[in-house]
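Dear colleague,

I am handing over the structure we spoke about, together with some notes on its strands and helices. Please read them with the coordinates open beside you.

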Amino acid sequence: MELTDAEVEALGSRGYFVRDGFLGESQALAVRAAALARVEAGKLKPAGIRRGADHSLDTSVRGDHIEWVLPGAAPELEALWHRFQALGEAVSSGAYLGLGRFDVQLACYPGGGAHYARHRDAFPGQSNRRLTAIWYANAGWRPEDGGVLRLFPEDTGAPVEVAPVLDRLVVFLSEQLEHEVLPAHASRLALTAWFYGRGT
């Protein structure tokens, strides 16, 4: 996998890029089916905010349910895990970010207005997340379904809204971009990879 020149430029100048057709339709539908099976089997748990002793549940801030995805998961989810691995290598070589390990999380917003308030995925200066990559698994998404990702690029200050349509990948700098998930009025599925710097 390689980044296009336009993707490298966008990541450097705006802090993000969007790629449609990341897996291809047939594989995307297979991953979606595997993710839905995890949701329907009750494997996901309510997501919390903050870490360690400060960890808590607060649906006024964050309303999704989550499960960590590891190698050895369902074959379709493991295939996406390996695709994320290739993405990290491509960003490291193309954008010189020096990425290392990564975590993958399946998240489902159940509808009913579930959302995630504006936040950053990392704080500058810490051994923390460097890059966020979100892949969407929502076949037949409609605007009235909600759950749009809103990014706040530092260069313009004008929000950018990204519809969570099937097989769309959004990649952004974790320390740089604030973002939020607007209220979802239908079930909304995404798998997110967070990449760390080498040696962390």
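In strand 8, Glu 161 is the bridge partner of Arg 150, and this pair belongs to the antiparallel pairing in which 3 bridges join strand 7 (residues 149–152) to strand 8. Please keep in mind throughout that the model is a predicted one.

Strands 7 and 8 belong to an open sheet of 4 strands, which has the order 5-10-7-8 and antiparallel pairing. Strand 5 (114–119) and strand 8 (160–162) stand at its edges, where each has a single partner strand, so that one side of each is left without a neighbour in the sheet. On average, and with direction ignored, neighbouring strands of this sheet are turned by 25 degrees against each other.

There is also an open sheet of 7 strands, again with antiparallel pairing, and its order is 1-9-6-11-4-3-2. Its edges are taken by strand 1 (16–20) and strand 2 (45–46), each of which has a single partner strand, so one side of each has no neighbour in the sheet. For strand 1 the partner is strand 9 (residues 168–173), with which it pairs in the antiparallel sense over 5 bridges; within this pairing, Val 18 has Val 170 of strand 9 as its bridge partner.

Two helices pack on this sheet. Helix 1 (residues 5–13) touches strand 1, strand 6 (129–136) and strand 9, and its direction makes about 145 degrees with that of strand 1. Helix 2, for its part, touches strand 3, strand 4, strand 6 and strand 11, and its direction makes about 100 degrees with that of strand 11.

Strand 4 (residues 99–109) deserves a paragraph of its own, being mostly covered, with 8 of its 11 residues buried. It is joined by 9 bridges to strand 11 (residues 188–197), the two running antiparallel, and in this pairing Val 104 stands opposite Ala 193 of strand 11. Strand 4 also pairs with strand 3 (residues 65–69), in the antiparallel sense and over 5 bridges, where Ala 107 of strand 4 is the bridge partner of Ile 66.

Within strand 4 lies Leu 99, and you may ask whether Leu 99 is buried or exposed. Its relative accessible area is 7%, which is under the 20% cut-off, so Leu 99 counts as buried. Leaving aside neighbours within four places in sequence, Leu 99 is in contact with Gly 88, Val 91, Ser 92, Arg 130, Leu 131, Phe 195, Tyr 196 and Arg 198. Of these contacts, Arg 130 is 31 residues away from Leu 99 in sequence, while the C-alpha to C-alpha distance between them is 7.5 Å.

Finally, the helix pair: helix 2 (residues 25–40) and helix 3 (residues 75–95) pack at an angle of about 120 degrees, their axes being 8 Å apart. Since angles of 65 to 115 degrees count as roughly perpendicular and those over 145 as roughly antiparallel, the two helices are therefore described as oblique to each other. Their crossing is left-handed. On the side of helix 2 the contact is made by Gln 27, Ala 30, Val 31, Ala 34, Ala 35 and Arg 38, and on the side of helix 3 by Glu 76, Leu 77, Ala 79 and Leu 80. Sorted by class, this contact has 7 nonpolar, 1 polar and 2 charged residues.

With best regards

Notes. Residues numbered from 1 in each chain as written. Predicted model: local features only at pLDDT ≥ 70, side-chain atom pairs only at ≥ 80, totals over all residues. Heavy atoms only, no water. Buried < 20%, exposed > 50% of the residue type's maximum accessible area, 1.4 Å probe, protein only. Pairing = 2+ DSSP bridges. Axes fitted to C-alpha atoms, helices over the stretch in contact; angles between N-to-C directions. Parallel < 35°, antiparallel > 145°, perpendicular 65-115°, else oblique. Left-handed = near helix turned anticlockwise from the far one by under 90°. Contact = heavy atoms within 4.5 Å. Nonpolar A, V, L, I, M, F, W, Y, C, P; charged D, E, K, R; others polar.
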